[in-house]
Amino acid sequence: MKEYITEISKYVIAGSMLLYTLCSFLCLTDKLEKKRILYIIQNLIMFGMQLLMFADLALVSQDLEYVFLYVFVQIFLLAASVMVPMIYEQVNRLLLNNMCMLLGIGLCVISRISFDRAVRQYIIALASLAVTLFIPWLLSKIRFLKKLTWLYGFGGIFLLAAVYILGEVTHGSKITFTLGEVTFQPSEFVKILFLFYLAGVLREKVTFLRVALTAVFAGIHVILLVVSKDLGSALIYFVAYVFVVFAATKNYLYLLMGAVGGSGAAWAAYLLFAHVRTRVLAWRDPWVYIDSKGYAITQSLFAIGSGSWFGMGLMKGNPSAIPYVEQDFIFSAVCEELGVIFGIGLILITLVCFLSMMKLALGIQDRFYQLIVYGIGIMYVFQIFLTIGGGIKLIPLTGVTLPFVSYGGSSVMATMIMFFLIQRIHMQATHFGLRQEGGREVAEKAEQGTNVGERGERKAAGTDDGKEGGTVSRTRKKNKS
């Protein structure tokens, strides 16, 4: 009976993932009414998939620990998907549901690989939710975010320099600090300061001097990451800088300069760092180095191929054969036991998150917040491209995590902070009627709203010179005559 349940659940889980993905794309359109029903369907699918996945883990392993973890994970997901909309009525439900879906998948797959690490990941995710819940409220009270531009820039440089000088070596790179028993990666949080700095400098009229100034600060950030051998993060920072500058200037020359500069930097990294040359060799032909340099990528490809369309089933594969699977190759573990169809659905969900961010950015008039949303979207989607692309041998491996899915407390907390920053911006845009509209229409409506407000004030003060005031004035003149 157990075999029948686990075998049928593979197909149900894959089909549910496709249905959830379809609902996500439908929620992107403006013309669709009753989106609330789609959000409810998404939540039902998410909880149903969680039940099936953890049931498979418990049945195959015969371990009741998975039952207890399942209960705690569902409490967390229920709190996030239900409590947040109750606190903030104008929250972006699509982003919230997708965040919960990805977190749930990550906790399930990590628990299959290492139960202890899944418990730590759960605690960090719970703490992150408790902290980030206050972000929308806190930002609604703070009025000086745009005035701290240089604090963001110098603060980010200071933190990265501190990691380079005092940080600990992890897998050959200086990327972490340890305080007591807590280890965290500052570069994940500096991403936020970096984007706030770029938005602060580029929010006003963008001149070549301003672009050059941001290039200097961005270059210092990237150089500090390079000398710390955190090359994956350095690449994410660089790409985010190029596209944020392009979003601010609409000048394709900056994109071309970024492409040329990035190519030159990649070539220099290849010449300077032995581990970069190793990864390039493993990417070009991993089968030649299957026992050494190419071992990780070949095992990743074997895992994806073994899973086929519907997967081998949870606890029936061998993801632990891949080095650092819960961090760098989590997508391969997903495809091996849950199937390539499930993996494609996961990619599409992250793509929906990116499209939702870009859609929001298009309707924002405040350049500061618009550039922040653009930057978060670019960082998010590019990190996904690096992680999955490295795991499937599309590009050389960079060693960055898959947001919300891979094991890594700093990554989960930093990404959740970014998502709740976007939630705050979304709420503000919705409150002022700026969401899902073109820039010109928004400007006209905002101007009309301002004119109406001013006219009301003038009326109250008896100084209105508008049409009604003119009629009253003419009537008085006629009476006098």
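**Exercise 1. Two packed helices**

Determine how helix H3 and helix H5 are placed relative to each other in this predicted model, and what is the handedness of the crossing of H3 and H5.

*Solution.* The crossing of H3 and H5 is left-handed. To describe such a pair more fully, we recall that two packed helices are described by the angle between their axes and the distance between the axes. Here the axes of H3, which covers residues 65-87, and H5, which covers residues 115-132, come within 11 Å and cross at roughly 20°. Angles under 35 degrees count as roughly parallel, and H3 and H5 are therefore roughly parallel to each other. As a last step we look at the residues that make the contact: on the side of H3 they are Glu 65, Tyr 66, Leu 69, Phe 72, Val 73, Phe 76 and Ala 80, while H5 contributes Phe 115, Ala 118, Tyr 122, Ala 125, Leu 126 and Leu 129.

**Exercise 2. Salt bridges within helices**

Find how many salt bridges the count comes to, and explain where in helix H1 the partners Glu 7 and Lys 10 stand.

*Solution.* A pair is counted when a side-chain nitrogen of Lys or Arg is within 4 Å of a carboxyl oxygen of Asp or Glu, and by this rule the count comes to seven salt bridges. One of them joins Glu 7 to Lys 10, with the closest N and O atoms 3.3 Å apart. Both residues belong to helix H1, residues 2-26, and because they are three residues apart there, about one helical turn separates them. Their surroundings can be read from the accessible area: Glu 7 is partly exposed, with a relative value of 32%, whereas Lys 10 is buried, with a relative value of 13%.

The side chains of Lys 191 and Glu 188 also meet in a salt bridge, at 3.2 Å from N to O. These two residues are three apart in helix H8, residues 186-202, so they too are separated by about one helical turn. Both Lys 191 and Glu 188 are buried.

**Exercise 3. A network of salt bridges**

Establish which residues are joined into one network by salt bridges that share partners.

*Solution.* We begin with the bridge between Glu 204 and Arg 203, whose closest N and O atoms are 3.7 Å apart. Salt bridges that share partners then join Arg 203, Glu 204 and Arg 210 into one network. As for accessibility, Glu 204 is partly exposed at a relative accessible area of 40%, and Arg 203 is partly exposed as well, at 29%.

**Exercise 4. Helix lengths and covering**

Check what span the residues of H8 and of H10 should have, and how many of the residues in H8 and in H10 are buried.

*Solution.* For H8, the 17 residues should span 24 Å at 1.5 Å a residue, and the end C-alpha atoms are 24 Å apart, so the expectation agrees with the model. H8 is mostly covered, since 15 of its 17 residues are buried. For H10, residues 231-249, the 19 residues should span 27 Å by the rule of 1.5 Å a residue, and the end C-alpha atoms are 27 Å apart, which agrees. H10 is mostly covered, with 14 of its 19 residues buried. After H10 comes Lys 250, whose phi is positive, near 60°.

**Exercise 5. Positive phi in loops**

State where Tyr 324 and Phe 404 are placed, and decide whether Phe 404 counts as buried or exposed.

*Solution.* Tyr 324 lies in the loop between helix H13 (295-307) and helix H14 (330-338). The phi of Tyr 324 is near 55°, which is a positive value in a residue other than glycine. With a relative accessible area of 44%, Tyr 324 is partly exposed.

Phe 404 is placed in the loop between helix H16 (367-391) and helix H17 (409-431), and the phi of Phe 404 is near 75°, again a positive value in a residue other than glycine. Because residues under 20% relative accessible area are called buried, Phe 404, at 1% relative accessibility, counts as buried.

**Exercise 6. The whole chain**

Describe what the secondary structure of the chain comes to, and what share of its residues is buried.

*Solution.* The secondary structure comes to 19 helices and three strands. Of the 481 residues in the chain, buried residues make up 50%. Finally, among the contacts in the chain with a separation of 6 or more, 71% are accounted for by residues 24 or more positions apart.

How values were computed: Residues are numbered from 1 along each chain as its sequence is written. This is a predicted model: local features need pLDDT of at least 70, side-chain atom pairs count only at pLDDT 80 or more; totals for chains, interfaces and linings use all residues. Side-chain values use heavy atoms; hydrogens and water are left out. Helices (H or I, at least four residues) and strands (E, at least two) are DSSP runs, numbered from the N terminus. Buried means under 20% relative accessible area, exposed over 50%, partly exposed in between (1.4 Å probe, protein chains only). The expected span of a helix is 1.5 Å times one less than its number of residues. Axes are lines fitted to C-alpha atoms, for helices over the stretch in contact, and angles run from 0 to 180 degrees between N-to-C directions. Angles under 35 degrees count as roughly parallel, over 145 as roughly antiparallel, 65 to 115 as roughly perpendicular and the rest as oblique. A crossing is left-handed if the near helix is turned anticlockwise from the far one by less than a right angle, and right-handed if clockwise. Contact means heavy atoms within 4.5 Å.
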